[in-house]
Each structure stands twice: as C-alpha cells, then as structure tokens.
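Work through the exercises below with the sequence and the model side by side. Try each task before reading its solution.

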Amino acid sequence: MKSLSIDRLLFKLGSIGAFSLVWILGSIGSGRAVGSRPEAKVDFSPPNAEAPASTTGGASRGWGTCIEPDDNLVALMPPSNLGLTLEAHPTIWLYVPESSADTLELVLNREDGTEVLRKTTVMPQESGIISLTLNESDLPALEIGKDYRWYASILCSETDRSGNAIVEGWVKRIDDSTLRDKLARAEVENHLQLYAEAGIWYETLATLVHLRRTQPDNAEVLSSWEQLMQSVGLEAIADAPLSQLPR
C-alpha cells in the first residue's frame, strides 16, 4: 500500500479540553470525506532549541531488571528531548513494556532541580503507549517560558532504584499569541497542521493519538502516525497499541 503523508490528513477535531490521566479530546464532528486532500501541508517542525542539560538517550533508554532485555521503557519525545506545549497541564506519553513491576512513577522538576511533582500509578497489564497527565490537582500551572524536566520510572524495586527502568524528557510551556489567534480563526481540521508547523510537540502528538484511538482502522491516520514516529526516530514503537492505565 502506498505510504500517505501527514499532509493528507483532513479531520474535524473537537476542541481540545482539559487533560485527564488518559487525555480525551473533544469529539470529531465533521461529515467531511476522510480521503479529501488538505488545503496545506502538515509537517512537524522542531523548534530551534535543545533541552537545557545533556540528556543524550533520554527519550529512548529505559533498561530495568523487571523487563525483558529486548524491550525498553520509551519516552515519546523528539530527538532534542525538549517538547513545547501551550497547555498549563500537558500530557506525557510513554511506551511501557511488559513488566513484573506493579508501579509506574512520574517526577517533575524545575530546571534548578526543585521537585514540584511526584506521583505513582499502577502499571498497565499489557505493553503499549500510555499517557500521564500533569493534572491541575497535582500541581499549579506550568510557568510560561520555564523549562521542566520529567522522569518516568518503572519501579522494579522501591529499595534499590539502580535496577529501575527510567526515561526522561523536558517540557516548556509557551504563550504564542499569534498561534492562538490562528487556532481561533482556523477550521478545526487545520489545528493539527498549525501545531505541527509551530513545533508544538505535545499537542501534535496528542492529536494523532486521539485520531488513532477514535479511528483505529483509518489508513491515513495510521500512515501519518508512522511518518511522525519515523521523523523523530521512534519507528521501533510505531506499531505499539494504545493502552489504558488501570482505573
């Protein structure tokens, strides 16, 4: 089957509302044909910025004593390991392998190392891509223009953390009034394009995750997802299922 690029996506997305542990976006409410050609190309453009500290391999390492040696905990992040967001409480995405561990931990620090969040959740029963949200009930809104470093760990052992699987990434909230104005004036089907072209990683990724959840058999969505994963070096997990955390 011929590969389809992100620029062939045309969907009407519902408005993006507040995040929850598993992000649920607004419903898609369009009768527009899925196969229609877009009015403009959609292509993710990484910002001209790097993570504040050396995090080589941070988005892909994850070896732990309680997971299989040929599998890893993986952070869904671009090569720079820095992702931009417009949200006060964005969602972090991970690929979680099968593990004998029961607990997954998320830690968020300011750039100076000050811890602002530490929370745990039950590990999913199967491997797949999951979401962890920085909820309003967990911490205040991320400060605009500030860098935050997060760590996600599979707790193979709570006493000897040297054997835990861990990945890390950075998030920076920006306030782009020009982009917000474009989003307000644009048809919702073009929001994905606008996020991607502005280099807003967390919203670009979450929009495609939403489309995969709501249209799992749509070839254009799957092709666009694969293209995004390949563009940031995450092709190894492009076929991973979208899992749910236990409630």
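The exercises go from the whole chain to its sheets and then to a pair of helices.

The model is predicted, so local features need pLDDT of at least 70 and side-chain atom pairs count only at pLDDT 80 or more, while totals for chains, interfaces and linings use all residues. Residues are numbered from 1 along each chain as its sequence is written, and side-chain values use heavy atoms, with hydrogens and water left out.

**Exercise 1.** Establish which pattern of helices and strands the chain follows along the sequence.

*Solution.* Begin with the inventory, taking helices (H or I, at least four residues) and strands (E, at least two) as DSSP runs numbered from the N terminus; the chain has four helices and eight strands. Next, read along the sequence, where the pattern is β-β-β-β-β-β-β-β-α-α-α-α. Finally, turn to burial, where buried residues (under 20% relative accessible area, 1.4 Å probe, protein chains only) make up 53% of the 247 residues.

**Exercise 2.** Determine the strand order of the sheet with five strands, and identify its edges.

*Solution.* Two strands pair if DSSP finds at least two bridges between them, and on this basis the five strands form an open sheet in the order 2-8-7-4-5, with mixed pairing. Strand 2 (82-85) and strand 5 (115-122) each have a single partner strand and stand at the edges, so one side of each is left without a neighbour in the sheet. Within the sheet, strand 7 (residues 147-154) and strand 8 (residues 165-173) run antiparallel and are joined by eight bridges, and Trp150 stands opposite Gly169 in strand 8.

**Exercise 3.** Describe the sheet with three strands in the same way.

*Solution.* This open sheet has the order 1-3-6, and its pairing is antiparallel. Strand 1 (74-75) and strand 6 (128-133) are the edges, each with a single partner strand, so one side of each is left without a neighbour in the sheet. Strand 1 is joined to strand 3 (residues 91-96) by two bridges, with Val74 opposite Tyr95 in strand 3.

**Exercise 4.** Characterise the packing of helix 3 against helix 4.

*Solution.* Take the geometry first: helix 3 (residues 201-214) and helix 4 (residues 219-231) pack at an angle of about 145 degrees, with axes 9 Å apart, where axes are lines fitted to C-alpha atoms over the stretch in contact and angles run from 0 to 180 degrees between N-to-C directions. Then list the contacts (heavy atoms within 4.5 Å): among the residues that meet are Trp201, Leu205 and Leu208 in helix 3, and Val221, Trp225 and Leu228 in helix 4.

How values were computed: Buried < 20%, exposed > 50% of the residue type's maximum accessible area, 1.4 Å probe, protein only.
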